[in-house]
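Trainee: Could you take me closely through the largest pocket and the residues around it? I would like one connected account.

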Amino acid sequence: MSCSDHNRVRSKTIAFRITPELNEQINLIVAASGMTKQDYITSKLLDLEVTIVPSTYTYAALRDEMREVCRQLNRIRNGCEPSERLLGLCERLSDLFLGLRCDDAGSQIEDEDDMVRKMERC
């Protein structure tokens with residue numbers, strides 16, 4: 001027997017189908033956000049800003065995904081072309097890692113590039 005929905009705050013169900021690859025990407029982003037999948041998807045559908053607050057759980061989820069990407073990259077190192085899925089995952093992970101940067105300053109490489117540009121010839 002199913003439970004009655006009349007006393008529930010969230011009494012409506014919305015469902016849709018996605019590909020396994022898209023599900024993997026969504027799960028990665030949800031894990032990084034620290035939100036529930038329901039809250040994350042609702043926020044994105046309503047065009048609300050989602051702020052990722054770094055936590056040990058966030059770092060662990062991203063670390064595990066990065067390890068898998070490294071395994072895949074090592075596997076294809078000997079001349080195989082990376083799959084579109086792997087390239088998409090790499091791009092998504094790099095966006096998440098860059099989004100976790102706490103400082104607004106540039107990286108060490110960017111700082112060195114700025115120093116070289118500012119140098120004058122004698």
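Mentor: Happily; here is the pocket, followed by the residues around it.

This is a predicted model, in which local features need pLDDT of at least 70 and side-chain atom pairs count only at pLDDT 80 or more, while totals for chains, interfaces and linings use all residues. Residues are numbered from 1 along each chain as its sequence is written, and side-chain values use heavy atoms, with hydrogens and water left out.

Let us start with the chain as a setting. Its secondary structure comes to five helices and zero strands (DSSP runs numbered from the N terminus, H or I of at least four residues for helices, E of at least two for strands).

The largest pocket holds about 350 Å³ of space. A pocket here is an open set of points on a 1 Å grid over the protein atoms alone, where a 1.4 Å probe fits, with protein on both sides within 12 Å along at least five of seven lines; lining residues have an atom within 4 Å of a point. The volume is the space filled by probe spheres set on the points, which are joined across faces, edges and corners. Its lining consists of Arg10, Lys12, Thr13, Ile14, Phe16, Lys37, Gln38, Ile41, Thr42 and Leu45. By class, that makes four nonpolar, three polar and three charged residues (Ala, Val, Leu, Ile, Met, Phe, Trp, Tyr, Cys and Pro count as nonpolar, Asp, Glu, Lys and Arg as charged, and the others, Gly among them, as polar).

Arg10, one of the lining residues, also meets the side chain of Asp39 in a salt bridge at 3.2 Å, N to O. Arg10 sits in the segment before H1 and Asp39 in helix H2 (residues 37-45), so the pair ties together parts that are 29 residues apart in sequence. The count comes to one salt bridge by the rule of a Lys or Arg side-chain nitrogen within 4 Å of an Asp or Glu carboxyl oxygen. Asp39 counts as partly exposed because its relative accessibility is 29% (buried is under 20% relative accessible area, exposed over 50%, partly exposed in between, with a 1.4 Å probe and protein chains only).

Ile14, also in the lining, is placed in the segment before helix H1 (20-33). Ile14 counts as exposed because its relative accessibility is 73%. Together with Phe16, Ile18 and Leu22, Ile14 forms a nonpolar surface patch with about 420 Å² of accessible area. Such patches take residues with over 30% relative accessible area and no salt bridge, joining like charges within 9 Å and nonpolar side chains (Val, Leu, Ile, Met, Phe, Trp, Tyr) within 5 Å; the areas come from the Shrake-Rupley method with a 1.4 Å probe, and for residues only the protein chains shown count as cover.
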